[in-house]
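Trainee: I'm new to this one, could you walk me through it?
Mentor: Happily; let's put it on the screen and begin.

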Amino acid sequence: MVFGLATVVAGGRVLAGADPGYGVFRPLLIYNTAMGAAYVAAGLAMWRSLPLGRKAAALIFVVNVVVLCAITLGHSRGWGVAVESVAAMGFRTLVWLVLLLLLVWLGARSRAERLSP
């Protein structure tokens, strides 16, 4: 949730006109800023309900994979997507995969504990 809030604040500042000191691919900036809010919502969902948190993490992971593929293509075709942006999106995607796997594992562990005598 903290990373999501930081993403919203940083992205919001750049969208409002602050110079980040590097080239920005605006569609990715908008996406990442919006996803920051989704990260916060997913964090709250994870806190309140394991199944709901798992669904949120799965959705974010899948959407991030799609965007990662798109910006990788964009980078290779010279659309102005920096290699650092591709790497950062790859990192975000990996983090959400790890979170999703952790939530799946916790759900399986919880079910096993309920079923054991």
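Trainee: Leaving aside its neighbours within four places in sequence, which residues is G11 in contact with?
Mentor: First, a word on what we are viewing: this is a predicted model, where local features need pLDDT of at least 70, side-chain atom pairs count only at pLDDT 80 or more, and totals for chains, interfaces and linings use all residues. Residues are numbered from 1 along each chain as its sequence is written, and side-chain values use heavy atoms, with hydrogens and water left out. G11 has its place in helix α1 (residues 2-15), and contact means heavy atoms within 4.5 Å. With neighbours within four places set aside, the contacts of G11 are L29 and T33.

Trainee: Why does G11 count as buried or exposed?
Mentor: We go by relative accessible area: under 20% is buried, over 50% exposed, and in between partly exposed (1.4 Å probe, protein chains only). G11 counts as buried because its relative accessibility is 5%.

Trainee: What pattern does the protein chain follow along the sequence?
Mentor: Helices (H or I, at least four residues) and strands (E, at least two) are DSSP runs, numbered from the N terminus. The protein chain has four helices and zero strands. Read in order, the pattern is α-α-α-α.

Trainee: How many Å does helix α2 reach from its first C-alpha to its last?
Mentor: Helix α2 covers residues 26-48, which is 23 residues. The expected span is 1.5 Å times one less than the number of residues, giving 33 Å for α2. The model comes close to that, at 34 Å.

Trainee: Which element gives the largest share of the largest nonpolar core?
Mentor: Such a core is a set of buried Ala, Val, Leu, Ile, Met, Phe, Trp, Tyr and Cys residues joined through side-chain atoms within 4.5 Å. The largest one has 18 residues, and those touching the most other members include L28, I60 and W96. Two or more residues come from each of α2, α3 and α4. The largest share, seven residues, is from α3.

Trainee: Which helix has the lowest mean pLDDT among the elements?
Mentor: pLDDT is the predictor's confidence in each residue, from 0 to 100. The protein chain has a mean of 92, with 96% of its residues at 70 or more. Helix α3 (residues 50-76) has the highest mean among the elements, 97. The lowest, 90, belongs to helix α4 (residues 83-115).
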